[in-house]
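User: Could you walk me through this fold one question at a time? I'd like to see the reasoning behind each answer.

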Amino acid sequence: MNETYIRQLMERFLNAETTLEEEQTLYNYFQNKDIADDLMPYREVFQGFSAVSGMDKEAVKVHTPVWVILLRTVTTMAAVFLIGLFFVVNGSNSEEPQQTMATNQPQHTPDLCEGSTPRDIYMCYLERKREQAKTYRSLKRMIYENQQ
């Protein structure tokens, strides 16, 4: 291609005076390997513009086959069915869990922090964390004393 014509097109492009066909000519020119040395810095810019505008030669839209779409749909429906079945089966089992013979004590569930504001809940959480740290320290101390 004529490099003077390309330079003129590039000037017009930078001034936003080109048509779509002229822009396509510029995009095609900068896709080639033989570019003038002084125009090399613009190569990445025009390749980026061509990718954004959808005029890239390599960007060909691939259509997904119907059987792939059908397979995806069936597997999604099966997954939703299995998840729903899981919740239905677990929801119908609302009986108290049986305690094992080894532990006759009822299972202890930790009390939830209740409060009217998020600050109250957070303060309860911090208090429990402090208590947990004391317990851990005391357990560690007891283990150390028993080893001696």
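Here are the questions and answers, starting with the overall fold.

User: Happy to begin! What order do the elements of the chain run in from the N terminus on?

Analyst: Keep in mind that this is a predicted model. The chain has five helices and zero strands. Read from the N terminus, the order of elements is therefore α-α-α-α-α.

User: What share of the residues of the chain counts as buried?

Analyst: The accessible surface of the chain is about 13200 Å², and carbon and sulfur atoms account for 59% of that area. To count as buried, a residue needs a relative accessible area under 20%. Of the 148 residues in the chain, the share that passes is 13%.

User: How far apart are the end C-alpha atoms of helix 2, and what span should its residues give?

Analyst: Good one to check by hand! Helix 2 covers residues 20-31, twelve residues in all, at 1.5 Å a residue. The expected span takes one less than the number of residues, so helix 2 should span 16 Å. The end C-alpha atoms agree with this, as their separation is 16 Å.

User: Which helices each supply at least two residues of the largest nonpolar core?

Analyst: In soluble globular proteins, nonpolar side chains tend to be buried together. Here the largest nonpolar core has twelve residues: Ile6, Leu9, Met10, Phe13, Leu26, Tyr27, Tyr29, Phe30, Ile35, Ala36, Leu39 and Phe46. The elements that each supply at least two of these are helix 1 (3-14) and helix 2.

User: Which residues does Phe13 contact, leaving aside its neighbours within four places in sequence?

Analyst: Phe13 belongs to the largest nonpolar core, as do Leu26, Tyr27 and Phe46. The buried residues of helix 2 include Glu23, Leu26 and Tyr27. With the sequence neighbours left aside, the contacts of Phe13 are Thr18, Glu23, Leu26, Tyr27, Phe46 and Phe49.

User: Which residues do salt bridges that share partners join into one network?

Analyst: Side chains of opposite charge can pair when their charged atoms come close. Glu3 and Arg7, four residues apart in helix 1, form a salt bridge at 3.3 Å, N to O. Asp38 also bridges to Arg7, with the closest N and O atoms 2.4 Å apart, and this pair links helix 1 to the loop between helix 2 and helix 3 (43-53). The network that results joins Glu3, Arg7 and Asp38.

User: Is Glu22 buried or exposed, and at what relative accessibility?

Analyst: Glu22 pairs with Arg12 in a salt bridge of 2.8 Å, N to O, which links helix 2 to helix 1 across ten residues. Arg12 is partly exposed because its relative accessible area of 31% falls between the cut-offs of 20% and 50%. The cut-off for buried is under 20%, so Glu22 counts as buried at a relative accessibility of 15%.

User: Last one: which residues form the nonpolar patch on the surface, and what accessible area do they have together?

Analyst: One member is Val89, in helix 4 (residues 66-92). Val89 is partly exposed, at 49% relative accessible area, so it passes the cut-off of over 30% for patches. The patch is made of Phe81, Leu82, Leu85 and Val89, and their accessible area together is about 400 Å².

How values were computed: Residues are numbered from 1 along each chain as its sequence is written. This is a predicted model: local features need pLDDT of at least 70, side-chain atom pairs count only at pLDDT 80 or more; totals for chains, interfaces and linings use all residues. Side-chain values use heavy atoms; hydrogens and water are left out. Buried means under 20% relative accessible area, exposed over 50%, partly exposed in between (1.4 Å probe, protein chains only). Patches are made of residues with over 30% relative accessible area and no salt bridge: like charges are joined within 9 Å, nonpolar side chains (Val, Leu, Ile, Met, Phe, Trp, Tyr) within 5 Å. Accessible areas come from the Shrake-Rupley method with a 1.4 Å probe; for residues, only the protein chains shown count as cover. A salt bridge is a side-chain nitrogen of Lys or Arg within 4 Å of a carboxyl oxygen of Asp or Glu. A nonpolar core is a set of buried Ala, Val, Leu, Ile, Met, Phe, Trp, Tyr and Cys residues joined through side-chain atoms within 4.5 Å. Contact means heavy atoms within 4.5 Å.
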